[in-house]
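Biologist: Please take a close look at one packed pair of helices in this model and set out the geometry around it, with cut-offs. Add a short note on ring pairs elsewhere for context.

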Amino acid sequence: MSSFSEEQEALVVKSWGSMKKDAGEWGLKFFLKIFEIAPSAKKMFSFLKDSNVPLDQNPKLKIHAKSVLVMTCEAAVQLRKAGKVVVRDSTLKKIGATHFKYGVVDEHFEVTKYALLETIKEASQEMWSVEMKNAWGEAYDQLVSAIKTEMK
């Protein structure tokens, strides 16, 4: 596992700080971006299967999207301090099991990473830089690695 530098941590903390108060809105944008890139991903969410509610108005998607974004960002913020991904073991096991059950593969994680980075870029605007992109990319990769360890 590569180290997460103080500079990377500062970039992640700064950008997350600017997004946090609108986490619900950014979470929804993040998921809408995933579905725009990979429309078939909608089939992986049981709460979207029989719903006629437009995605951008779906209350279950809004709740899910916000919780995923908050967990991802909070894990990134704590990465350097802890030296590893900090998500409660029970939560990580549940996430791993769910991703395994729905057949999540590397390509899904790549689409999600791209959507996450694009969302953070949009949210952080003039703060955005190659260094910030790399910091978030590293944090995301470490979270995915922790999730994949629990995918069984």
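Modeller: What follows goes through the helix pair, then its loop, one polar side chain and finally the rings. The model is predicted, so local features need pLDDT of at least 70 and side-chain atom pairs pLDDT 80 or more, while totals for chains, interfaces and linings use all residues. Residues are numbered from 1 along each chain as its sequence is written, and side-chain values use heavy atoms, without hydrogens and water.

Helix H6 spans residues 106-124 and helix H7 residues 130-149 (helices are DSSP runs of H or I, at least four residues, numbered from the N terminus). Their axes come within 10 Å and cross at roughly 145° (lines fitted to C-alpha atoms over the stretch in contact, angles from 0 to 180 degrees between N-to-C directions). The crossing of H6 and H7 is right-handed (near helix turned clockwise from the far one by less than a right angle). On the H6 side, the contact (heavy atoms within 4.5 Å) is made by Asp106, Phe109, Thr112, Lys113, Leu116, Leu117, Ile120 and Ser124. H7 contributes Met132, Lys133, Trp136, Gly137, Tyr140, Asp141, Val144, Ile147 and Lys148. By class, the H6-H7 contact holds nine nonpolar, three polar and five charged residues (Ala, Val, Leu, Ile, Met, Phe, Trp, Tyr, Cys and Pro are nonpolar; Asp, Glu, Lys and Arg charged; the others, Gly among them, polar).

The loop between H6 and H7 contains Gln125. Gln125 has a positive phi of about 40°, although it is not a glycine. Its relative accessible area is 54%, so Gln125 counts as exposed (over 50%; buried is under 20%, partly exposed in between; 1.4 Å probe, protein chains only).

Gln142, a residue of H7, is by contrast buried, at 5% relative accessible area. Its side chain makes a polar contact with the side chain of Glu138, at 2.6 Å (N or O atoms within 3.5 Å, one able to donate a hydrogen and the other to accept it; residues adjacent in sequence count only if both atoms are side-chain atoms).

As to the rings, the structure holds five aromatic pairs (centres of Phe, Tyr or six-membered Trp rings within 6.5 Å; planes under 30 degrees apart stacked, over 60 edge-to-face, the rest tilted). Phe30 and Phe31 are edge-to-face, 5.2 Å centre to centre with 70° between the planes. Phe31 and Phe35 have centres 6.1 Å apart and planes at 65°, so this pair is edge-to-face. Both Phe31 and Phe35 are buried, and they lie four residues apart in helix H2 (residues 23-37), about one turn of the helix. Phe30 is buried as well, at 1% relative accessibility. Ring pairs link Phe30, Phe31, Phe35, Phe45 and Phe47 into a cluster.

Key: Helices (H or I, at least four residues) and strands (E, at least two) are DSSP runs, numbered from the N terminus.
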